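Here is a friendly walk through one chain, from a single helix out to the whole fold. Have your viewer open and follow along.

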Amino acid sequence: GSRGLKWPWGALPGKRSVSITRNRIMEYSYRYLGKLLAVEIEENSVSLSDIDIDDLVSEILDLIREARKCVIFDLKGKKHFNSADLGALIKSEDLLSDNGIDLVLMHPSENIMELLKIVGLMDFIRIIKSEDDLTEC
């Protein structure tokens with residue numbers, strides 16, 4: 001399978017697939033921390049902008065346990081975002097928000113933090129430095 005998104009959060013790990021551009025499929029792993037679902041985005045993975053965001057959010061909604069109000073994108077393995085990745089992040093946040101779910105970014109690199117500051121997203125997306133900062137949504 002291709003490397004890609006991993007969902008790093010606890011008890012019931014598994015694998016799913018999500019559509020990417022040009023009718024290709026990307027396999028990703030997921031897990032839970034407590035009852036919260038998170039996405040691990042790696043530097044060597046398919047670019048966030050190449051993923052069908054509608055399909056990704058649909059998968060997230062299927063994987064969220066109980067009535068959680070947030071999902072975490074864990075960026076510890078991602079050093080940079082380009083403008084297309086940023087657009088995909090914003091679309092993900094919008095679609096999740098439409099479903100009453102907040103997007104939380106965890107472990108952003110200094111480069112990603114700087115980009116989020118420049119484009120003014122620091123006030124719109126919750127950011128945590130580590131799992132120690134994680135609280136129930």
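## Helix H3 and its two sides

In this predicted model, a good place to begin is H3, where Ile112, Met113 and Leu116 are buried. Their directions span an arc of only 100 degrees around the axis, which places them on the same side of H3. The spacing fits a familiar rule: an α-helix has 3.6 residues a turn, so residues three or four places apart point the same way.

What do the buried residues of H3 pack against? Their partners are S6, H2, S7 and strand S8 (126-128). On the face of H3 turned away from this buried side sit the exposed residues Glu110 and Ile118. Just after H3, Gly120 adopts a positive phi of about 80 degrees.

## Helix H1

Now turn to H1, which runs over residues 53-63. Its buried residues are Ile53, Leu56, Val57, Glu59, Ile60 and Leu63. Because they cover an arc of only 155 degrees around the axis, they lie on the same side of H1. Note that the charged-type name in that list, Glu59, is buried along with the others.

## The nonpolar cores

The largest nonpolar core holds 28 residues, and Leu37, Ile60, Phe73, Leu89 and Leu105 have the most contacts inside it. At least two residues of this core come from each of strand S5 (36-42), H1, strand S6 (70-77), helix H2 (83-98), strand S7 (102-106) and helix H3 (110-118). Which element gives the largest share of this core? H1 does, with five residues.

Phe73 is a handy residue to center your view on. Leaving aside residues up to four places away in sequence, Phe73 touches Val39, Ile41, Leu56, Ile60, Leu89, Ser92, Leu103, Val104, Leu105 and Met106. Apart from the largest core there is another one, of seven residues, including Leu36, Cys70, Ile72 and Val104.

## The chain as a whole

Zooming out, the chain has three helices and eight strands. Along the sequence they follow the pattern β-β-β-β-β-α-β-α-β-α-β. Of the contacts between residues at least 6 apart in sequence, 67% join residues at least 24 apart.

How much of the chain is buried? Buried residues account for 42% of its 137 residues. The accessible surface comes to about 7,000 Å², and carbon and sulfur atoms contribute 46% of that area.

Terms used: Residues numbered from 1 in each chain as written. Predicted model: local features only at pLDDT ≥ 70, side-chain atom pairs only at ≥ 80, totals over all residues. Heavy atoms only, no water. Buried < 20%, exposed > 50% of the residue type's maximum accessible area, 1.4 Å probe, protein only. Helix = DSSP H or I, 4+ residues; strand = E, 2+ residues; numbered from the N terminus. Arc of directions from axis to C-beta. Core = buried A, V, L, I, M, F, W, Y, C linked by side-chain atoms within 4.5 Å. Contact = heavy atoms within 4.5 Å. Areas by Shrake-Rupley, 256 points an atom, 1.4 Å probe, with all protein chains shown as cover.
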